[in-house]
Amino acid sequence: MHAAVTQPPLLSAPAGTSGVAGWGSVDVELVHLVGGSPGAGASGGTGVRAVNLWAPVGGTATVTGAGAPLPLAAGALVVTDSSVPDSVGPAVLARGVDGCTLVVLRVPRELLAVSDAVLRAAVGRSRDAGTGVGALLLPLLHTLARERHGFPLEDRVAQHLTDLLAALVHELSRAPREAGDRDLMDGIRWYTNQRLGDPALRPETIAAAHFISVRLLHKLFEQEGTTLGRWLLQRRLHECRRELGRAGIAPAKVAAVARRWGFAHTAHFSRAFRRAYGISPREWRDTRTG
C-alpha cells in the first residue's frame with residue numbers, strides 16, 4: 001500500500017522551489033516519431049529534471065527504460081521522470097512504418113507539487129486517457145499543442161497544466177499495480193486500435209485474440225473506470241473528429257469518415273458525435289476546414 005499523501009492546493013509550486021525553472025519552462029507539443037526513432041529528451045534538452053506526460057493520438061509507441069518495454073497506443077497515457085533511476089526511462093520509440101504522433105507535456109520536477117514517493121509509484125504506468133484526470137487534461141493538451149503556434153504558454157495556463165499533472169500523478173500512484181493486467185490491457189488497446197474501422201469488432205473477437213474470457217475483458221475495462229463499449233465509441237469518435245477537422249484538404253464526406261472508423265449507420269454516428277462534442281460532424285468539419 002502507498003502512504004496517504006495530502007493533495008496540494010491548486011496553483012502552488014512545492015515548498016523550497018529554487019526558482020531555477022519558472023512557469024515558462026512548462027511546455028506542450030505534438031511530436032511525430034518515425035518508426036524506430038527516439039522521442040525528444042525528457043528534459044527537453046535543458047538539463048533540468050522533468051516529469052513528462054506522453055499520450056499517442058495516432059499510431060503506437062514503445063516507452064523503454066529500466067523495466068520491460070511498455071507499448072503505448074492511442075487512447076492511453078504514461079508519465080515518466082527523467083532522473084528517477086528505477087522509473088521507466090525517457091526513450092520513446094515509434095512502432096510501425098507510419099510512425100506515431102504524441103502529445104507531450106513537460107514540467108520541471110521542482111514545479112510539480114508531489115513527493116518523490118508518489119512520483120515513483122506513478123511513473124511508467126499506462127492508463128486509459130479517457131478516464132479520471134486524463135479525460136480532462138488530454139483534450140486541453142491536444143488543443144494547446146495544435147493551436148499555440150510556437151508561442152509560450154501563459155503563466156496561469158502553465159500553472160493549471162502543472163496542477164492537473166500533479167493530480168494525475170496522485171491518481172496513478174493510488175491505482176493497483178497489476179503488471180500482468182497492465183500488459184494485457186496495453187495489448188488489447190493496441191489490437192483494438194488497429195481494428196477500429198471494423199464495424200463487426202466484438203468483445204468475443206477481442207477476448208479470443210488474447211486467450212481470455214469475455215467476462216475478464218469487461219472486468220479489465222471496469223478496473224479503469226470505463227467499459228469496452230464506451231472506450232471503443234470514444235476512440236472511434238476521436239478519430240472521426242480528427243479526420244473531419246483536418247485543415248488544408250478537400251472537405252471529407254461525413255458518411256465516408258464514419259464508415260472508415262467503424263460506424264455502420266451515419267445517423268447513429270451523428271447523434272453520438274453531437275452528444276460527445278456538442279456540435280454536429282458537418283458543423284465541426286465546416287468550422288475547421290471552411
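**Notebook: aromatic rings around phenylalanine 269**

I began with phenylalanine 269, which is buried, because its relative accessible area is 0% and buried means under 20%. I keep in mind that I am working in a predicted model.

From there I looked up which ring pairs with phenylalanine 269 in an edge-to-face way, and I found phenylalanine 273, at 5.7 Å centre to centre and with 65° between the planes. I then asked myself: by about how much of the helix are phenylalanine 269 and phenylalanine 273 separated? The two are 4 residues apart in helix α9, which covers residues 266–277, so about one helical turn separates them. Phenylalanine 273 is also a buried residue, and I noted its relative accessible area as 0%.

Next I counted the aromatic pairs, and the structure holds 4. One of these joins phenylalanine 263 to phenylalanine 269, and because the ring centres are 4.9 Å apart with the planes at 50°, I entered the pair as tilted. For phenylalanine 263 I noted a relative accessible area of 5%, so this residue is buried.

I then looked up how these rings are grouped, and Phe263, Phe269, Phe273 and Tyr277 turned out to form one aromatic cluster.

My last entry concerns a charged residue. Where does arginine 241 lie with respect to tyrosine 277? Arginine 241 lies over the face of that ring, 4.8 Å from the ring centre. I also recorded that the charged end of arginine 241 sits over the ring of tryptophan 284, at 4.1 Å from its centre.

Methods:
Residues are numbered from 1 along each chain as its sequence is written. This is a predicted model: local features need pLDDT of at least 70, side-chain atom pairs count only at pLDDT 80 or more; totals for chains, interfaces and linings use all residues. Side-chain values use heavy atoms; hydrogens and water are left out. Rings of Phe, Tyr and Trp (its six-membered ring) pair if their centres lie within 6.5 Å; planes under 30 degrees apart count as stacked, over 60 as edge-to-face and the rest as tilted. Buried means under 20% relative accessible area, exposed over 50%, partly exposed in between (1.4 Å probe, protein chains only). A charge sits over a ring if NZ of Lys or CZ of Arg is within 6 Å of the ring centre and within 35 degrees of the ring normal.
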